[in-house]
Amino acid sequence: MPIRPELRALYPPNWKAISRRIRFERAGNRCEWCGPTNHWFHPETGSVVVLTVAHLDHDPANNADDNLAALCQACHNRYDVPKQAANRKHRQLREVGQLELLI
């Protein structure tokens, strides 16, 4: 997935090399969760697979190998949905001045 500009500063300068190593050396150019090969057609979606590297804890500063996974768009999006929904809810509450208290 493209790095959002507001998060780019959180990634290390060698992120491209880290991402490449995870995708090619560790994952063998395939999605680590469902298996389709990068730049081939995805068997579920029919779209061309573009591997990305996901931060499993959603922290772009945590680049430990066990926190990274080479994923196709379908798996990456599926994984990010709960986090995106929580972020959306937080933004909506902030916009109306109603933030929840975290205990």
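Is Tyr79 buried, partly exposed or exposed? In this predicted model, Tyr79 comes out as partly exposed, with a relative accessibility of 28%. Its partner ring belongs to Trp33, which is also partly exposed, at 45%. The two ring centres sit 5.4 Å apart with the planes at 70°, so this counts as an edge-to-face pair. What the pair does along the chain is bring distant parts together: Trp33 lies in the loop between helix H1 (15–26) and strand E1 (52–55), while Tyr79 is in helix H2 (residues 73–95), 46 residues away.

That is one of two aromatic pairs in the structure. The other joins Tyr11 and Trp15, again edge-to-face, at 5.2 Å centre to centre and 65° between the planes. Here both rings belong to buried residues: Tyr11 has 18% relative accessibility and Trp15 has 11%, and buried means under 20%.

Trp15 also leads into helix H1, where it is buried along with Ile18, Ser19, Ile22 and Arg23. These residues span an arc of only 120° around the axis, so they fall on the same side of H1. The spacing fits the usual helix arithmetic: with 3.6 residues a turn, residues three or four places apart point the same way. Cover for the buried residues of H1 comes from elements including E1 and strand E2 (68–71), whereas Lys16 and Glu25, on the other side of the helix, are exposed.

As for its length, H1 runs to 12 residues and reaches 15 Å from first C-alpha to last, close to the expected 16 Å. After the helix comes Gly28, with a positive phi near 65°.

Methods. Residues are numbered from 1 along each chain as its sequence is written. This is a predicted model: local features need pLDDT of at least 70, side-chain atom pairs count only at pLDDT 80 or more; totals for chains, interfaces and linings use all residues. Side-chain values use heavy atoms; hydrogens and water are left out. Rings of Phe, Tyr and Trp (its six-membered ring) pair if their centres lie within 6.5 Å; planes under 30 degrees apart count as stacked, over 60 as edge-to-face and the rest as tilted. Buried means under 20% relative accessible area, exposed over 50%, partly exposed in between (1.4 Å probe, protein chains only). Helices (H or I, at least four residues) and strands (E, at least two) are DSSP runs, numbered from the N terminus. The expected span of a helix is 1.5 Å times one less than its number of residues. The arc is that of the directions from the helix axis to the C-beta atoms. Contact means heavy atoms within 4.5 Å.
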